[in-house]
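Reader: I would like a close look at one part of this model, the place where two paired strands meet, and then a walk through whatever else can be said about the fold. Please keep it plain.

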Amino acid sequence: MSEPDTTNAGSQIRFLARRAVRAALGTVMADGSPYVSLVEMATDGAGEPVLLLSGLAQHTMNLRASPSASLLLDGTDGLGLDGPRATLVGHVEPAADEAARDRYLARHPHAAAYAAFADFGLYRFRVARGHLVAGFGRIAWADRADIVLDDGLWQGLQAAEAGIVSHMNEDHADALELYATVLKGAGPGPWRMCGIDAEGFDIAEGSRRERLIFDTLVGSSGEARSALVDLVKQARRAAIA
């Protein structure tokens, strides 16, 4: 199982986005004042943040007037200021695709209770660039091209994602438990898969989240299956070592 590429600022920023459950959203009020709020988030297949926002919220009203925004991703939990964090700069626009909606609701199943309300809508944070602070003296800017995956690297898996997630949760709870407890050193579940993309997949148990990264990018359901089987084999070997 690979680890995030710590030599590439764009990859590190995308990893923080993939792992994030919530983030601080910075918008601009009508009078020019800065405004920061807490939002829940997921990412689409390319790694761009996806948000479910109420039309009645101040940040949404701000975005209607000016779509420019920033998003703070915090990976410092338990590490203090030695831990990584990144600020994304870009703009926010409505998102209509069902795949992004499904990924968001799989990551935040409680949101299904209000996602259908007329005043709630799905939005995508379009990344222009990102500023990574990975620890003392490890600071770098990255452009969009380094943060967001090219379409050809992730779209082949998108159509199969929902089926893979459903199959793993319904038929392979034992594998998910191995991923969590052996490969990630987390406590027992029940764990569920809440998303898979070209770079890896996410599992959840209550408020706990873990991300596992593939050794190489996967672009189809067959490649994803092979990668998931390989990780099970790794976990079983580690469990008896």
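Author: In this predicted model, Arg 129 has Asp 143 in E7 as its bridge partner. That pair belongs to a longer match: strand E6, residues 120–133, and strand E7, residues 139–143, run antiparallel to each other and are joined over five bridges. The two strands make a hairpin, with five residues between them. Gly 135 sits in the turn of that hairpin, and its phi is positive, about 140 degrees. As a rule, most residues other than glycine have a negative phi, and most peptide bonds are trans.

The peptide bond from Gly 189 to Pro 190 is cis, with omega near 20 degrees. Pro 190 belongs to the loop between helix H7 (173–183) and strand E8 (192–196).

Another glycine, Gly 200, is part of strand E9, which covers residues 200–205. Gly 200 counts as buried because its relative accessibility is 0%, and the cut-off for buried is under 20%. Neighbours within four places in sequence aside, Gly 200 is in contact with Arg 211, Leu 212, Ile 213 and Phe 214. Leu 228 is 28 residues from Gly 200 in sequence, while the C-alpha atoms of the two are 9.4 Å apart.

Helix H3, residues 98–107, has Ala 100, Arg 103, Tyr 104 and Arg 107 as its buried residues. These lie on the same side of H3, because they cover an arc of only 100 degrees around the axis.

That leaves the largest pocket, which holds about 770 Å³ of space. Its lining is made up of 29 residues, and Leu 16, Arg 19, Asp 74, Gly 75 and Asp 77 lie nearest the centre. Two or more lining residues come from each of helix H1 (9–19), strand E1 (22–28), strand E4 (68–74) and strand E10 (208–213). H1 gives the most, with four residues. Sorted by class, the lining of this pocket has 14 nonpolar, 11 charged and four polar residues.

To return to the part you asked about: the E6 and E7 pairing is antiparallel, Arg 129 is bridged to Asp 143 within it, and Gly 135 is in the turn.

Notes: Residues numbered from 1 in each chain as written. Predicted model: local features only at pLDDT ≥ 70, side-chain atom pairs only at ≥ 80, totals over all residues. Heavy atoms only, no water. 1 Å grid on protein atoms, 1.4 Å probe; cavity = no way out; pocket = protein on both sides within 12 Å on 5 of 7 lines; lining within 4 Å. Points joined across faces, edges and corners; volume = space filled by probe spheres on them. Nonpolar A, V, L, I, M, F, W, Y, C, P; charged D, E, K, R; others polar. Pairing = 2+ DSSP bridges. Buried < 20%, exposed > 50% of the residue type's maximum accessible area, 1.4 Å probe, protein only. Arc of directions from axis to C-beta. Contact = heavy atoms within 4.5 Å.
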